[in-house]
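Please look over the sequence and the structure below. The report that follows deals with charged pairs and with one glutamine.

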Amino acid sequence: MPDARVQAAVDHWAPRFVQAGVDYNDFVATTSRIDTWDEWLDAWCENADMHVSLAREAASDLTAGEAWARAAVAYHFAKFVWVVDPERSRAAADKAVAAMQKTHHYLDPGAERIEVPLDGGRVVANLRRPSGDDGRPPLVVLVPGLDSTKEEFFKLENVFLDRGMATLSMDGPGQGECGYDLPIRPDYDVAVTAVLDALAGRTDVDLERAGLFGVSLGGYYAPRVLAFEPRVKAGVGLSGPYRFSDIWDDVPPQTRETFVAKSFASSDEEGRAKAAELDLSGVAERIRQPYLAITGKLDRLIPWEQSERAAKEAPNGIFLLHEDGNHGCANVPYKTRPVAADWLREQLG
């Protein structure tokens, strides 16, 4: 029998892995041989290594790119909320970044890596544009959650690209490549502001039509950005918390440990105090742009009422609840992703 942490990971995140690009058969085979949480990273890295081998043996660019994409998410999920050994975790993360660069090389060679200085560190993002678009498409900034990264978003990006919008998936404070130097911070909007400043003047995206889509903890960051960055014209928050400390005692231990690590806290109690700083009180009411909050009633990580509260307080807020949706509605992505993308396309023109 797997230990409680492995079982919690399987129970909470199986649909998320699959909708991000992990093959269901890989998920079953890999998790079935993991008995303890210490074994998690190595098992998923083995799966990723297998896909790297397939990529190198591939007879076509398409086949190679698809294999690199599977490798990228497997390396990413190997270190997902896994803070047992920071050095091994970062090694897996570096492999995920490299695998995604290979994915772009084969499947979207026009993809561009963006690096922007911020407070002694850097925000890192992947910019992609719709295929065949020679104009200035609207831009959607994709914001990850607690331990998500830009490498998890390739399939999500395609939903927006297919609808004629450019995407910018970013690692902000506490996330991915940015998180090594900069901790989680409540004013995540400063990172989005820095990125938009860096993109100013480009002629291949239309910054007058910029939107934002945030997932999980990114669903807290989304309304925060809308409240303080007027260049973002509309935003979607998916399964975001209103006040992170409200759920501190109820989330899986991996989530608390990851927050402690990513916020640079020295203890669980300091982590709880930092979590209390992620609070939309007095913030959501400042939002003047259209704001859509989506979540699932079966969310066991962030109660749906947390997401609803921000939408209620935003003057132009809309709330969409899926009765059968889990956290991030990862078990029903066909209900959430197209709706969110269509809504943003309408708002951004």
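## Salt bridges and a buried glutamine

At 28% relative accessibility, Arg5 counts as partly exposed, because buried means under 20% and exposed means over 50%. This value, like every other one here, comes from a predicted model.

Arg5 has a charged partner. Its side chain meets that of Glu257 in a salt bridge, with N and O 2.7 Å apart. The two residues come from distant parts of the chain: Arg5 belongs to helix H1 (residues 4–20), Glu257 to helix H9 (residues 253–262), and 252 residues separate them. Glu257 is also partly exposed, at 30% relative accessibility.

How many salt bridges does the structure hold? The count is 32. Three of them are set out here, with the accessibility of each partner.

| Salt bridge | N to O distance | Arg: relative accessibility | Acid: relative accessibility |
|---|---|---|---|
| Arg5 and Glu257 | 2.7 Å | Arg5: 28%, partly exposed | Glu257: 30%, partly exposed |
| Arg209 and Asp206 | 2.8 Å | Arg209: 23%, partly exposed | Asp206: 12%, buried |
| Arg231 and Glu229 | 3.0 Å | Arg231: 30%, partly exposed | Glu229: 5%, buried |

Take the pair Arg209 and Asp206. Arg209 is partly exposed at 23%. Asp206 has a relative accessible area of 12%, so it counts as buried. The pair Arg231 and Glu229 can be read in the same way. Arg231 is partly exposed at 30%, whereas Glu229 is buried at 5%.

Salt bridges can also join up into a network. Which residues are linked in this way? They are Arg113, Glu115, Arg122, Lys150, Glu151, Asp171 and Glu177.

Now turn to the glutamine. Gln289 sits in the loop that runs between helix H10 (268–276) and strand S7 (291–296). Is Gln289 buried or exposed? Its relative accessibility is 9%, so Gln289 counts as buried.

What does the side chain of Gln289 reach? One partner is the backbone oxygen of Val232, at 2.8 Å. Another is the backbone oxygen of Leu226, which lies 2.9 Å from a polar atom of the Gln289 side chain.

Leaving aside residues up to four places away in sequence, Gln289 touches Leu226, Glu229, Pro230, Val232, Lys233, Ala234 and Asn316. Glu229 ties two parts of this report together. Gln289 touches Glu229, and Glu229 forms a salt bridge with Arg231.

Definitions and conventions: Residues numbered from 1 in each chain as written. Predicted model: local features only at pLDDT ≥ 70, side-chain atom pairs only at ≥ 80, totals over all residues. Heavy atoms only, no water. Helix = DSSP H or I, 4+ residues; strand = E, 2+ residues; numbered from the N terminus. Buried < 20%, exposed > 50% of the residue type's maximum accessible area, 1.4 Å probe, protein only. Polar contact = N/O pair within 3.5 Å; in protein donor to acceptor, adjacent residues only side chain to side chain. Contact = heavy atoms within 4.5 Å. Salt bridge = Lys/Arg side-chain N within 4 Å of Asp/Glu carboxyl O.
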